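Please work through the following exercises with the sequence and the model at hand.

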Amino acid sequence: KMAAAGGAGAGAAVAALWSEVNRCGQNGDFSRALKPVNKILQINKEDVTALQCKVVCLIQNGNFKEALSVINTHSKVLTNDVIAFEKAYCEYRLNRIENALKTIQSASQQTDKLKELYGQVLYRLERYDDCLAAYRDLIRNSQDEYEEERKTNLSAVVAAQSTWEKVMPEDLGLRESTYELCYNSACALIGQGKLNEAMKKLQKAEGKIMVRSEESFDVTEEDIEAELAIIHGQMAYIMQLQGRTEDALQLYNQIIKLKPTDVGLLAVIANNIITINKDQNVFDSKKKVKLTNAEGVEHKLSKKQLQAIEFNKALLAMYTNQADQCRKLSASLQSQSPEHLLPVLIQAAQLCREKQHAKAVALLQDFADQHPANAAEIKLTMAQLKIAQGSVTKACMILRSIEELQHKPGMVSALVTMYSHEEDIDSAIEVFTQAIQWYQQFQARTNYCCCVFQPKSPVHLSLIREAANFKLKHGRKKEAISDLEELWKQNPKDVHTLAQLISAYSLVDPEKAKVLSKHLPSSDTMSLKVDVDALENSHGATYIRKKAGKLTGDSQQKEQGQGDVKKKKKKKKGKLPKNYDPKVTPDPERWLPMRERSYYRGRKKGKKKDQVGKGTQGSTTAGSSDLDASRTASSPPTSPRPGSAAAVSATSNVIPPRHQKPAGAPATKKKQQQKKKKGSKGGW
């Protein structure tokens with residue numbers, strides 16, 4: 001009886017505990033619900049319902065690691081069929097994406113919750129095609145209040161396909177009722193290169209956020225800033241793609257100043273700023289690169305985004321002369337993506353900065369041998385290095401080894417230009433010949449497959465014409481004849497080609513040239529109907545004929561009497577200097593600079609200074625009397641008296657030596673202006 005009474009008492013206690021658990025669950029107080037759940041498990045450790053409740057409470061409180069530990073500890077009771085969703089969700093939140101996928105796939109029954117989680121897992125694994133199919137199935141087979149969220153996720157998958165896989169997105173007919181749908185639509189447009197349309201979508205999304213902030217009181221200011229930061233970051237990215245780097249940089253820095261909590265957003269913005277800085281402002285770039293190393297960034301970004309950040313880190317190390325760090329990062333990238341071009345190109349660039357061009361070329365050659373699919377781009381880089389070293393001929397050899405580009409007009413033009421620079425005309429003509437032969441073989445294959453004669457392509461004819469012009473330019477008229485005949489055969493009405501052909505034959509076979517000249521059109525058919533008057537009076541004419549006016553009076557008689565006689569222009573008399581004296585012979589050296597004239601003796605500077613102060617103190621020189629101006633009768637006063645005008649004595653006709661000219665030279669008089677002393681106003 002006592003045992004029975006004890007069992008009844010324990011059952012009542014457990015029931016009370018379950019009531020408390022239920023009440024806490026309805027109130028959303030999962031932290032308090034853990035206490036009664038743990039008490040229940042103390043009574044019965046293998047209670048499946050209590051274990052499930054504990055796992056749910058831990059998940060609601062964000063303790064995913066502890067929840068997963070409970071599931072793994074009681075794996076015999078909590079089988080995958082019982083708690084598959086909770087286990088997969090914990091693995092997903094702990095970024096164990098592959099384990100979450102296995103857990104979902106091993107579940108015996110695929111519930112709607114598992115399908116929702118399955119779509120999220122596929123998106124994180126970047127399996128966008130499978131993810132798109134999963135969300136389409138969910139939208140088709142479910143009707144509840146979460147339909148808007150599913151459509152948002154579906155648009156995010158389409159945007160990711162357009163951005164990372166360059167897939168043309170299909171029109172899903174989604175109504176852009178929320179800012180998330182507008183944002184995803186803008187991302188899809190960016191992937192297609194429609195930047196202006198994408199900017200309009202982002203502005204629309206920004207407007208929806210502002211309207212929601214005004215209408216809803218539950219949304220905090222921090223939430224609004226976080227949502228706007230994502231929109232503005234994408235706007236700045238569009239500006240950067242459009243070449244508006246200053247505007248983009250300003251907007252990027254504004255977002256960083258707000259200090260958003262999204263580490264993924266900060267990492268992307270910091271990376272984009274580094275790409276704008278390039279090899280400039282490296283100290284700012286070194287600060288920004290720290291944001292890309294924040295914890296959890298690798299779980300927020302796609303693989304291509306993370307790879308781009310690592311590439312930029314390697315380039316920044318190269319720009320900051322951190323050679324070992326650059327080599328380490330590029331080698332790590334190459335091991336992760338052996339077929340990617342950028343790691344080996346960064347290594348080659350670092351070797352070139354260290355003046356090790358031979359090693360750089362050898363490194364590129366090894367990569368081209370190991371990865372023939374990417375050999376074309378690598379060989380183009382090798383040729384560029386050879387040109388930088390001055391080895392143009394070796395660069396041409398490397399370019400000609402790229403078989404898939406030999407017939408391209410750009411490659412033909414580059415090779416011909418380089419061979420011409422090296423004065424290797426034969427090799428240049430050989431390049432033309434090989435390209436023309438490739439197009440001939442391609443045309444033959446096309447005619448064989450289609451069973452219909454196809455005319456020569458415009459590129460083929462253009463190459464033939466360029467080859468003919470090149471040969472004519474370098475005096476190879478015999479070799480140009482076959483090309484010109486081919487062109488004339490394709491277009492017998494081409495007079496220009498016929499003229500070139502006749503010119504070439506005139507030196508080789510004059511009789512043939514005469515025969516061909518008969519095909520030239522007559523002069524009557526070639527005459528152009530041109531209105532000469534309209535042409536001369538046109539705006540762009542350099543000479544405009546004056547319209548003939550009515551002749552009256554004497555001019556009319558002159559016109560009748562003399563006819564067309566050109567009017568002679570009167571010659572203007574040359575101006576003579578003001579002090580010109582016809583009696584004096586001009587100085588024959590007057591056109592030469594003073595220093596180049598035969599009578600120039602140089603300036604005699606400081607002659608009087610040298611004479612003053614010589615000898616003992618108080619003594620004077622022998623010529624001191626000459627310095628006394630008072631002994632000169634005709635010398636003017638040193639300074640005018642107050643109130644009188646300064647004047648030069650008319651009797652002083654002595655010309656200083658430095659102003660004298662040799663005999664025969666005309667005497668020039670310098671005007672001496674009289675300075676009038678102005679009376680001061682107001683006094684002292």
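The exercises below concern a helix pair and two loop residues. The model is predicted, with pLDDT of at least 70 required for local features and 80 or more for side-chain atom pairs, while totals for chains, interfaces and linings use all residues. Numbering starts from 1 along each chain as its sequence is written, and side-chain values use heavy atoms, without hydrogens and water.

**Exercise 1.** Describe how helix α10 packs with helix α12.

*Solution.* Step one: α10 covers residues 179-192 and α12 covers residues 221-241. Their axes are 12 Å apart and form an angle of about 20 degrees. The pair is therefore roughly parallel (angles under 35 degrees).

Step two: the crossing of α10 and α12 is left-handed, the near helix being turned anticlockwise from the far one by less than a right angle.

Step three: α10 contributes Tyr179, Tyr183, Cys187 and Ile190 to the contact (heavy atoms within 4.5 Å). From α12 come Glu227, Ile230, Ile231, Gln234, Tyr237, Ile238 and Leu241. By class, the contact of α10 with α12 has 9 nonpolar, 1 polar and 1 charged residues.

**Exercise 2.** Locate Asn95 and state its phi and exposure.

*Solution.* Asn95 lies in the loop between α5 (80-93) and α6 (97-106). Its phi is near 65 degrees, a positive value in a residue other than glycine. Asn95 counts as partly exposed because its relative accessibility is 28% (the range between buried, under 20%, and exposed, over 50%, with a 1.4 Å probe and protein chains only).

**Exercise 3.** Do likewise for Lys166.

*Solution.* Lys166 sits in the loop between α9 (147-164) and α10. Phi of Lys166 is near 55 degrees, again positive in a non-glycine residue. With 62% relative accessibility, Lys166 counts as exposed.

Note on methods:
Axes are lines fitted to C-alpha atoms, for helices over the stretch in contact, and angles run from 0 to 180 degrees between N-to-C directions. Helices (H or I, at least four residues) and strands (E, at least two) are DSSP runs, numbered from the N terminus. Angles under 35 degrees count as roughly parallel, over 145 as roughly antiparallel, 65 to 115 as roughly perpendicular and the rest as oblique. Ala, Val, Leu, Ile, Met, Phe, Trp, Tyr, Cys and Pro count as nonpolar, Asp, Glu, Lys and Arg as charged, and the others, Gly among them, as polar.
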